[in-house]
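Student: I would like to work through this structure step by step, beginning with how its strands are arranged and then turning to individual residues. Could you take me through the reasoning behind each answer?

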Amino acid sequence: MTDDKLLARAREVLKIEAEGILHLVDKVDESFAKAVNIIYRSTGRVIITGIGKSGLIGKKIVATLTSTGTQAIFLHPVEGIHGDLGIVTKDDVVIAM
């Protein structure tokens with residue numbers, strides 16, 4: 001692939017992604033604010049769980065939360081049903097993806 005074609009394709013992909021994000025603007029409503037407030041007011045950790053691609057995204061979210069000062073951990077759901085649910089406390093917030 002030539003440099004010109006590569007750059008044109010990269011710009012096209014970025015435009016498509018930007019349009020996708022813009023389409024989400026109107027979908028941010030009171031349920032988003034409620035979720036943020038639940039996490040903000042929590043005295044426990046944010047526990048994120050998911051399998052496959054959702055799990056990979058969940059791990060990234062955990063990394064982002066911890067780097068911004070929110071205690072967060074990833075709990076693989078299969079490990080959870082095999083005994084690791086003991087790490088979850090009543091004060092934690094669980095996000096299942």
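Student: In what order do the three strands of the open sheet lie?

Tutor: Please keep in mind that this is a predicted model. The sheet is open and its strands pair in parallel. Strand E2 (72-74) and E3 are the edge strands, each pairing on one side only, and neighbouring strands are turned by 20° against each other on average, direction ignored. The order is E2-E1-E3.

Student: Which residue in E2 is the bridge partner of Ile 48?

Tutor: Strand E1 (residues 46-49) and E2 run parallel and are joined by three bridges. Along this pairing, Val 46 stands opposite Ala 72 in E2. For Ile 48, the bridge partner in E2 is Phe 74.

Student: What angle does the direction of helix H3 make with that of E2?

Tutor: Helix H3 (residues 53-67) packs on the sheet, where the helix touches both E1 and E2. The direction of helix H3, set against that of E2, gives an angle of about 160°.

Student: Is Thr 49 buried or exposed?

Tutor: Thr 49 is found in strand E1, and both faces of that strand are covered, with Val 46 and Ile 48 on one side and Ile 47 and Thr 49 on the other. Leaving out residues up to four places away in sequence, Thr 49 touches several residues, including Phe 74, Leu 75, Val 94 and Ile 95. Because its relative accessibility is 13% and the cut-off is under 20%, Thr 49 counts as buried.

Student: Which helix gives the largest share of the lining of the largest pocket?

Tutor: The largest pocket has a volume of about 200 Å³, and its lining consists of Phe 32, Ala 35, Val 36, Ile 39 and Ile 95. Four residues of that lining come from a single helix, which spans residues 30-41, and this helix is H2.

Student: What separation is found between the C-alpha atoms of Ile 39 and Ile 95?

Tutor: Ile 39 has its place in helix H2, and because its relative accessibility is 26%, Ile 39 counts as partly exposed. Not counting residues up to four places away in sequence, Ile 39 touches Val 46, Val 93 and Ile 95. Although Ile 39 and Ile 95 are 56 residues apart along the chain, their C-alpha atoms are separated by 9.9 Å.

Student: Where in the chain is the place of Asp 92?

Tutor: Asp 92 precedes no helix here but is followed by a strand, for its place is between helix H4 (77-81) and strand E3 (93-96). Leaving aside neighbours within four places in sequence, Asp 92 is in contact with Gly 44, Arg 45, Ile 47 and Ile 87. The element that holds Asp 92 is the loop between helix H4 and strand E3.

Student: Which backbone nitrogen does the side chain of Asp 92 reach at 2.8 Å, besides that of Thr 89?

Tutor: Asp 92 is buried, because its relative accessible area is 12%. A polar atom of its side chain lies 2.8 Å from the backbone nitrogen of Thr 89. The side chain of Asp 92 also reaches, at 2.8 Å, the backbone nitrogen of Arg 45.

How values were computed:
Residues numbered from 1 in each chain as written. Predicted model: local features only at pLDDT ≥ 70, side-chain atom pairs only at ≥ 80, totals over all residues. Heavy atoms only, no water. Helix = DSSP H or I, 4+ residues; strand = E, 2+ residues; numbered from the N terminus. Buried < 20%, exposed > 50% of the residue type's maximum accessible area, 1.4 Å probe, protein only. Polar contact = N/O pair within 3.5 Å; in protein donor to acceptor, adjacent residues only side chain to side chain. Contact = heavy atoms within 4.5 Å. Pairing = 2+ DSSP bridges. Axes fitted to C-alpha atoms, helices over the stretch in contact; angles between N-to-C directions. 1 Å grid on protein atoms, 1.4 Å probe; cavity = no way out; pocket = protein on both sides within 12 Å on 5 of 7 lines; lining within 4 Å. Points joined across faces, edges and corners; volume = space filled by probe spheres on them.
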